[in-house]
Amino acid sequence: MLFLLLAAGKLLLLLLGASGSGALTGRATAVEAPVQRTREEALAALEELASSASAYQKIVERSDAYPDAVLEALANNPEMLEFASAYPDSDGTVTGGLTREETRDDYPLFLQWDSRWGYASYGSSCIGISGCGPTCLSMTVYALTRDESATPDRLADYAWRQGYYVEGTGTAWSLMTDGAADFGITGTELALDEQLMKRELDAGHPIICAMGPGDFTTAGHFIMLYGYDDSGFFVNDPNCRSRSGRAWSYDDLSGQIKNLWYFQ
């Protein structure tokens, strides 16, 4: 168990250990919007964290074993500490499927960096770093079909083999339409309109959004929407428990959404 408080009260993190399956228990809070950093800037941020937590110090000491993307991701998202700590020793093996708790949830949150599948390769990186698209589609396929084999690693392997991964860019948007069909669901592009989005969610049709820079990413990212209430839309962010633990208003999301699809 790790409690960490960072400078001026900007970041309060509670990380609890993983279950035997690799699924994280507990919930992180107050992860800030990501910041674009160089490798050197990411290391400087991690060195600051290392003064309060030995796990960060070990990563800094072994920094040569890490690609830039992992260090930069961890500097932006302390929820990834356990994933990053084990990264140099991982062989990319997928170690588990869905948990009983996840199978009981209508819209379970799958984290791309979950140790069950996060180290598996995806393109030139791994699911934990680049697999937000397949992970979102995995959540959507499972929600609509209850197919327990439709895990993020299976969707990522499919996307890679079928050419939906674009080097230097990430997951092609066509995965959400052409690719989805191979898993028994239909993805349809949707106009960016609050009432249309609510109409599809009311019909039981989850939505995947391609996001631009902002609260969720410094470059590109995918998130899933599965409902709403008076305070906003319910988000499953495959990269962050904290951002998945609150409702987001249409005004907060709309300026960051580059495209979106509903699924049935």
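Q: Among contacts in the protein chain between residues at least 6 apart in sequence, what percentage join residues at least 24 apart?
A: Let's start with the whole chain, bearing in mind that this is a predicted model. Its secondary structure comes to 12 helices and 12 strands, and 51% of its 264 residues count as buried. Of the contacts between residues at least 6 apart in sequence, the share joining residues at least 24 apart is 61%.

Q: Which strands stand at the edges of the open sheet of 6 strands, each with a single partner strand?
A: Happily, the strand order settles this one. The open sheet runs β7-β12-β8-β9-β10-β11 with antiparallel pairing. One side of each edge strand is left without a neighbour in the sheet, because each has a single partner strand; these are β7 (187–189) and β11 (247–248).

Q: In β12, which residue is the bridge partner of Thr 188?
A: A good place to look is the pairing of β7 with β12, which is antiparallel and covers 3 bridges. β12 itself is mostly covered, with 6 of its 7 residues buried. Within β12, Thr 188 has as its bridge partner Tyr 262.

Q: Which residue in β9 does Met 211 stand opposite?
A: Two pairings of β8 are worth following here. β8 runs antiparallel to β12, joined by 5 bridges, and on that strand Met 211 has Ile 257 as its bridge partner. β8 (residues 207–211) also pairs with β9 (residues 221–229) in the antiparallel sense over 5 bridges. There, the residue opposite Met 211 is His 221.

Q: What angle does the direction of helix α10 make with that of β9?
A: Two helices can be placed against the sheet using β9 as a reference. Helix α7 (residues 132–145) lies across β8, β9, β10 (232–236) and β12 (257–263), running at about 35° to β9. Helix α10 (residues 194–202) packs on the sheet too, touching β8, β9, β10 and β12, and its direction makes with that of β9 an angle of about 75°.

Q: Are α7 and α8 parallel or oblique to each other?
A: Friendly reminder: two packed helices are described by the angle between their axes and the distance between the axes. For α7 and helix α8 (residues 152–161), the axes lie 8 Å apart and the angle is about 125°. The two helices are therefore oblique.

Q: How many nonpolar residues does the contact of α7 with α8 have?
A: The crossing of α7 past α8 is right-handed. α7 contributes Pro 134, Thr 135, Leu 137 and Ser 138, while α8 brings Pro 152, Leu 155, Ala 156 and Ala 159. By class, charged residues number none and polar ones 2, and the nonpolar count is 6.

Key: Residues are numbered from 1 along each chain as its sequence is written. This is a predicted model: local features need pLDDT of at least 70, side-chain atom pairs count only at pLDDT 80 or more; totals for chains, interfaces and linings use all residues. Side-chain values use heavy atoms; hydrogens and water are left out. Two strands pair if DSSP finds at least two bridges between them. Helices (H or I, at least four residues) and strands (E, at least two) are DSSP runs, numbered from the N terminus. Contact means heavy atoms within 4.5 Å. Axes are lines fitted to C-alpha atoms, for helices over the stretch in contact, and angles run from 0 to 180 degrees between N-to-C directions. Angles under 35 degrees count as roughly parallel, over 145 as roughly antiparallel, 65 to 115 as roughly perpendicular and the rest as oblique. A crossing is left-handed if the near helix is turned anticlockwise from the far one by less than a right angle, and right-handed if clockwise. Ala, Val, Leu, Ile, Met, Phe, Trp, Tyr, Cys and Pro count as nonpolar, Asp, Glu, Lys and Arg as charged, and the others, Gly among them, as polar. Buried means under 20% relative accessible area, exposed over 50%, partly exposed in between (1.4 Å probe, protein chains only).
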